[in-house]
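User: Hi! I am new to reading protein models. Could you walk me through this one, feature by feature?

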Amino acid sequence: WPKYRNYCRKPYAEIGYRALGSHTRSFIALLVCLTQVGYVSVLSLLAAKNTSVLLNFFFNFKVNFCWMIITIGLIVWPVIMLKSPMHFWQVGVFSALSSSIAICLLYVGYFHDGPVCLKESEQRQFDWQYFFMAYGTMVFAFGGHCAFPTLQHDMKKPRLFGRSVWVAYTLITFYYLSIAVGGYIVYGGTVGEAVIHSIQLRWVQQT
């Protein structure tokens, strides 16, 4: 359809409309919005928590967590008003690079703590309750499908979209599995909500 060649704000909803009509378009748009609200809520909480910790550690400046959530929202708000990811692709590149650096720092922490922590770590028995509690995080880690049609549309070579998805998910899976399995092997059942707090190298933990 010619109307979709330049830009489409809600691609999944339009796909539903072309397949089953206007009611399906509204239903899919609602589901996508609910999904995005969940993603944004989690990311806002994480960003606010990490920012509060960094401000307190480096500048001894304590900020109320609730106010920090609002501040993060105001900072990010102008970016989300942009139409398409192609208008802020630099953010994606920066995120990928910073995540890769963080992963490498965690590896450094693992190798540093391994000789000592491996001797004292206790392995926790498998529990279905803990598994289902962690399932939401596992699913969230591989989210982002709502943006797939838009990303493919914005690519200079859309035919290579499948290849880019394979590369991205292979890399993400390697990152997540290596960090999760490595952290459990080194620290065992003492790992809390985040493995970062178990790292014994102070500069790695705070970086």
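**A pocket, a salt bridge and a helix**

Analyst: Happily! Let us begin with a pocket: the second largest one holds about 210 Å³ of space. Keep in mind that this is a predicted model.

User: How is empty space found, and which residues line the second largest pocket?

Analyst: The general idea is that rolling a probe the size of a water molecule over the atoms shows where empty space is left. In this case, the lining of the second largest pocket includes Trp1, Tyr4, Tyr7, Glu14, Arg18, Pro149, His153 and Asp154. Helices α1 and α6 each supply at least two residues of that lining.

User: How many helices and strands does the chain have?

Analyst: There are eight helices and zero strands. Along its principal axes, the C-alpha trace spans about 65 × 40 × 35 Å. Of the chain's 207 residues, 20% count as buried.

User: Next, salt bridges. How many does the structure hold?

Analyst: Here is the general idea: side chains of opposite charge can pair when their charged atoms come close. This structure holds one salt bridge. It joins arginine 25 to glutamate 14, with the closest N and O atoms 3.4 Å apart. The pair links distant parts of the chain, with arginine 25 in helix α2 (residues 22-59) and glutamate 14 in helix α1 (residues 11-20), 11 residues apart.

User: Is glutamate 14 buried or exposed?

Analyst: Glutamate 14 has 14% relative accessibility, so it counts as buried, the cut-off being under 20%. Arginine 25, at 28%, is partly exposed.

User: How do I check the length of a helix, say α7?

Analyst: Allow 1.5 Å a residue: the 27 residues of α7 (residues 161-187) should then span 39 Å. The end C-alpha atoms of α7 are 38 Å apart, which agrees.

User: Which residues of α7 are buried, and what do they pack against?

Analyst: A general point first: an α-helix has 3.6 residues a turn, so residues three or four places apart point the same way. In α7 the buried residues are Phe161, Ser178, Ile179, Gly182, Gly183, Val186 and Tyr187. They pack against α4 (89-120) and α6 (148-154). After α7 comes glycine 188, whose phi is positive, near 65 degrees.

User: Which residues does the UniProt annotation "transmembrane region" cover?

Analyst: The unreviewed UniProt entry gives residues 27-48, 54-76, 88-110, 130-148 and 160-187. In the model, residues 27-48 are 100% helix, and the end C-alpha atoms are 32 Å apart. Residues 54-76 are 78% helix, with end C-alpha atoms 18 Å apart.

How values were computed: Residues numbered from 1 in each chain as written. Predicted model: local features only at pLDDT ≥ 70, side-chain atom pairs only at ≥ 80, totals over all residues. Heavy atoms only, no water. Helix = DSSP H or I, 4+ residues; strand = E, 2+ residues; numbered from the N terminus. Expected span 1.5 Å × (residues − 1). Buried < 20%, exposed > 50% of the residue type's maximum accessible area, 1.4 Å probe, protein only. Contact = heavy atoms within 4.5 Å. UniProt positions renumbered as here; feature names shortened; annotations may be inferred. Salt bridge = Lys/Arg side-chain N within 4 Å of Asp/Glu carboxyl O. 1 Å grid on protein atoms, 1.4 Å probe; cavity = no way out; pocket = protein on both sides within 12 Å on 5 of 7 lines; lining within 4 Å. Points joined across faces, edges and corners; volume = space filled by probe spheres on them.
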